[in-house]
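I opened my notebook and went through this one step by step. Here is what I looked up, in the order I looked it up.

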Amino acid sequence: MTSEPDRQPDLSAECLVHDLNNVFQTLLEAAELLSSDPKWEQLSGTLFHTVERGRGIVQSFNSKDRVSIDLAAVVDNAIQFARDFAQTVQGCRLEFVTNVDSGLRIQGQPWAWERVLINLFLNAANAMPNGGVIEVRAWRIPGWIALEVADHGSGIAEEILPEIFRPRFSTHASRGLGLHIVDTIVKDHDGEVTAANRTDRPGARFTIRVPVEGVLVNRATA
Ligand SMILES: Nc1ncnc2c1ncn2[C@@H]1O[C@H](COP(=O)(O)OP(=O)(O)O)[C@@H](O)[C@H]1O
Ligand SMILES: [Mg+2]
């Protein structure tokens, strides 16, 4: 009989974090160099923010820690990232129209919620390759917070609406993971996300419902 091999903790995630931190360090050095030239000052600021965000995402990997989150601050940070992305990568401008009720707080991981919004914003940017308007609304309903992201793109074909949250579903030459990430994070926070086409004009609308801070949701036990 062969003996059981020693069980090693899975180090793959830790190794990934280790190597990504080297990547971030290199980007920081580059940003530092650029910052000394007024011509590249803005780009250098974008790099600093992006690295900070990358580090936050990496640190929150696998973390189940929950803190009290100011939703308006998360929305602002995600908007800043999406603007940077659209300008640097797509060469276009996104205009954000926000209507976020003050004092909205949810329980969770700030970086996770930024990822939710960033994925929705980048999908909206993809749907408006020449730039356009993204509307963000958040308001309280009893026990819940509703969060809505709507764009001025051409909307989502009705026949693919039931498919879009499926991992690896994409109509672009892309990974098709963005909405899967959104769905996973929202569910992990006891919420739900739905997609629909706008009825007031062409465009897509994503609506999220998540328990307001302090409200416990009874999870079904298996
Ligand atoms: N705002 C949007 N407007 C139009 N179509 C969208 C929008 N958001 C998502 N989609 C559709 O859903 C698909 C899946 O999105 P996602 O999971 O983020 O993958 P990816 O962006 O990599 O294609 C997209 O390929 C696109 O067809
Ligand atoms: Mg996407």
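My entries below go from the whole chain down to single side chains.

**Entry 1: the whole chain**

I noted at the start that this is a predicted model. I counted five helices and seven strands in the protein chain. Reading along the sequence, I wrote the pattern down as α-α-β-α-β-β-α-β-β-α-β-β. The C-alpha trace spans about 70 × 60 × 40 Å along its principal axes. Of the 222 residues, 35% are buried. I also checked contacts between residues at least 6 apart in sequence, and 69% of these join residues at least 24 apart.

**Entry 2: surface and charge**

The chain exposes about 13,600 Å², and carbon and sulfur atoms supply 52% of that. For charges I got 21 positive and 29 negative side chains. The centres of those two sets lie 4 Å apart.

**Entry 3: strand β7 and its partners**

Next I picked strand β7, residues 204-211. Is it mostly covered or mostly open? Mostly covered: six of its eight residues are buried.

β7 pairs with β5 in the antiparallel sense, over seven bridges. I looked up one of the partners: Ala150 is matched with Arg205 in β7. Strand β6 (residues 192-197) also runs antiparallel to β7, with six bridges joining them. There, Asn197 has Ala204 as its bridge partner, and Ala196 stands opposite Arg205. So Arg205 turned up twice in my notes, facing Ala150 and Ala196.

β6 and β7 form a hairpin with six residues between them. Gly203 sits in that turn and has a positive phi of about 145 degrees.

**Entry 4: a buried acid**

I then went to Asp151, which is in strand β5 (residues 144-151). What is the nearest side chain of opposite charge to Asp151? Arg198, at 6.2 Å. Asp151 is buried yet has no salt bridge, because a salt bridge needs the nitrogen and the carboxyl oxygen within 4 Å. Leaving out residues up to four places away in sequence, Asp151 touches Ala124, Met128, Val133, Arg198, Pro202, Gly203 and Ala204. I recognised Gly203 from the hairpin turn and Ala204 as the partner of Asn197.

**Entry 5: salt bridges**

How many salt bridges are there? The count comes to 10.

Arg198 does have a salt bridge, with Glu135 at 3.2 Å, N to O. Arg198 lies in the loop between β6 and β7 and Glu135 in strand β4 (residues 132-141), so this pair ties together parts that are 63 residues apart in sequence. Arg198 counts as buried because its relative accessibility is 9%. Glu135 is partly exposed, at 24%.

Arg137 and Glu148 meet at 3.3 Å, N to O. Arg137 is in β4 and Glu148 in β5, so the parts tied together here are 11 residues apart in sequence. Arg137 is partly exposed at 36% relative accessibility, whereas Glu148 is buried at 9%.

I also noted Arg209 with Glu192, at 3.6 Å, N to O. That pair links β7 to β6, with 17 residues of separation. Arg209 is partly exposed at 31%, and Glu192 is partly exposed at 43%.

**Entry 6: the network**

Last, I checked which residues are linked in a network of salt bridges. The list is Glu135, Arg137, Glu148, Arg198, Asp200 and Arg205.

Notes:
Residues are numbered from 1 along each chain as its sequence is written. Chains are lettered from A and ligands numbered from 1 in the order in which they are written. This is a predicted model: local features need pLDDT of at least 70, side-chain atom pairs count only at pLDDT 80 or more; totals for chains, interfaces and linings use all residues. Side-chain values use heavy atoms; hydrogens and water are left out. Helices (H or I, at least four residues) and strands (E, at least two) are DSSP runs, numbered from the N terminus. Buried means under 20% relative accessible area, exposed over 50%, partly exposed in between (1.4 Å probe, protein chains only). Lys and Arg count as positive and Asp and Glu as negative; His and the chain ends are not counted. Contact means heavy atoms within 4.5 Å. Two strands pair if DSSP finds at least two bridges between them. Accessible areas come from the Shrake-Rupley method with a 1.4 Å probe; for residues, only the protein chains shown count as cover. The place of a charge is taken as NZ of Lys, CZ of Arg, CG of Asp or CD of Glu.
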